[in-house]
Amino acid sequence: MEFHFTKPEVKDVQESEYEIGYTVGDNRSESFTFVVNPEIQIKKWEYVYIRAYEDIVLGRVDDLVSKSDLLNDRIDFNSVRKYSENRMNENVDICIVRIIGSVRDGKTARSRYLIRPGQPVYKAKKEILERG
């Protein structure tokens, strides 16, 4: 009697991915910036990725910024209080990501991709981190 053992298959990445934001602003081959979906909780040093052709560009959140065009640093204390009490503040949460590299076929290499604004960003699951 012959037995064949197979490794359990890793769940396909696309089944578990959901957009947590979109790239914005000036992006470089070493880093990119993305605006965060307000319903998503993200922390510094979490891993994220974007898709670039057949590769995954993996990065780590190095900084978090929350900003408001209305409540900027030129506004006085009483105005901030008034806007805040009336819930008139519209803020934007932004993540700055340092690129670790591009992952393909389980190998990580330096990323040479151009990261354009408007690309979806995904939270990196354990399966992706194990590939790289």
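**Salt bridges and nonpolar cores**

With a relative accessibility of 59%, Glu-54 counts as exposed, and in this predicted model its side chain meets that of Arg-104 in a salt bridge, at 3.0 Å from N to O. Because Glu-54 lies in the loop between S3 and S4 whereas Arg-104 lies in strand S5, the pair ties together parts that are 50 residues apart in sequence. Arg-104 itself counts as partly exposed, at 37% relative accessibility.

Arg-104 also forms a salt bridge with Asp-55, where the closest N and O atoms are 2.4 Å apart. Since Arg-104 belongs to strand S5 and Asp-55 to strand S4, this second pair ties together parts that are 49 residues apart in sequence. Asp-55, in contrast to the exposed Glu-54, is buried, with a relative accessible area of 6%. Glu-54, Asp-55 and Arg-104 are thus linked in a network of salt bridges.

A search of the whole structure finds five salt bridges, and one that involves other residues joins the side chains of Arg-60 and Asp-62, at 3.2 Å from N to O. Both partners are partly exposed, Arg-60 with a relative accessible area of 23% and Asp-62 at 24% relative accessibility.

Asp-55 also leads to another residue of strand S5, namely Ser-102, which is in contact with Asp-55, Ile-56 and Val-57 and, further along the sequence, with Lys-107, Thr-108, Ala-109, Arg-110, Ser-111 and Tyr-113, when its neighbours within four places in sequence are left aside. Ser-102 counts as buried, at 7% relative accessibility, a value that falls under the 20% limit used for that class.

From here the path turns to the nonpolar interior. The largest nonpolar core has 15 residues, and those with the most contacts inside it are Phe-32, Phe-34, Ile-42, Val-48 and Val-121. The elements that give two or more residues to this core are strand S2 (31-36), strand S3 (47-52), strand S4 (55-68) and strand S5 (91-104). A second, separate core consists of six residues, among them Tyr-49, Val-103, Tyr-122 and Ala-124.

Within the largest core, Phe-34 deserves a separate look. Phe-34 has its place in strand S2 and is buried, with a relative accessible area of 0%. Not counting residues up to four places away in sequence, Phe-34 touches the run Ile-20, Gly-21, Tyr-22, Thr-23 and Val-24, together with Ile-42 and Val-48, then Asp-93, Ile-94, Cys-95 and Val-97, and finally Val-121. Phe-34 can also be placed relative to Val-61, from which it is separated by 27 residues in sequence and by 9.9 Å in space, C-alpha to C-alpha.

The contact between Phe-34 and Val-121 makes Val-121 a suitable place to end. Leaving aside its neighbours within four places in sequence, Val-121 is in contact with Tyr-18, Glu-19, Ile-20, Gly-21, Tyr-22 and Thr-23, with Phe-32 and Phe-34, and with Val-48, Tyr-49 and Ile-50. Among these partners, Phe-32, Phe-34 and Val-48 are, like Val-121, listed as residues with the most contacts inside the largest core, while Tyr-49 is included in the second, separate core.

Methods: Residues are numbered from 1 along each chain as its sequence is written. This is a predicted model: local features need pLDDT of at least 70, side-chain atom pairs count only at pLDDT 80 or more; totals for chains, interfaces and linings use all residues. Side-chain values use heavy atoms; hydrogens and water are left out. A nonpolar core is a set of buried Ala, Val, Leu, Ile, Met, Phe, Trp, Tyr and Cys residues joined through side-chain atoms within 4.5 Å. Buried means under 20% relative accessible area, exposed over 50%, partly exposed in between (1.4 Å probe, protein chains only). Helices (H or I, at least four residues) and strands (E, at least two) are DSSP runs, numbered from the N terminus. Contact means heavy atoms within 4.5 Å. A salt bridge is a side-chain nitrogen of Lys or Arg within 4 Å of a carboxyl oxygen of Asp or Glu.
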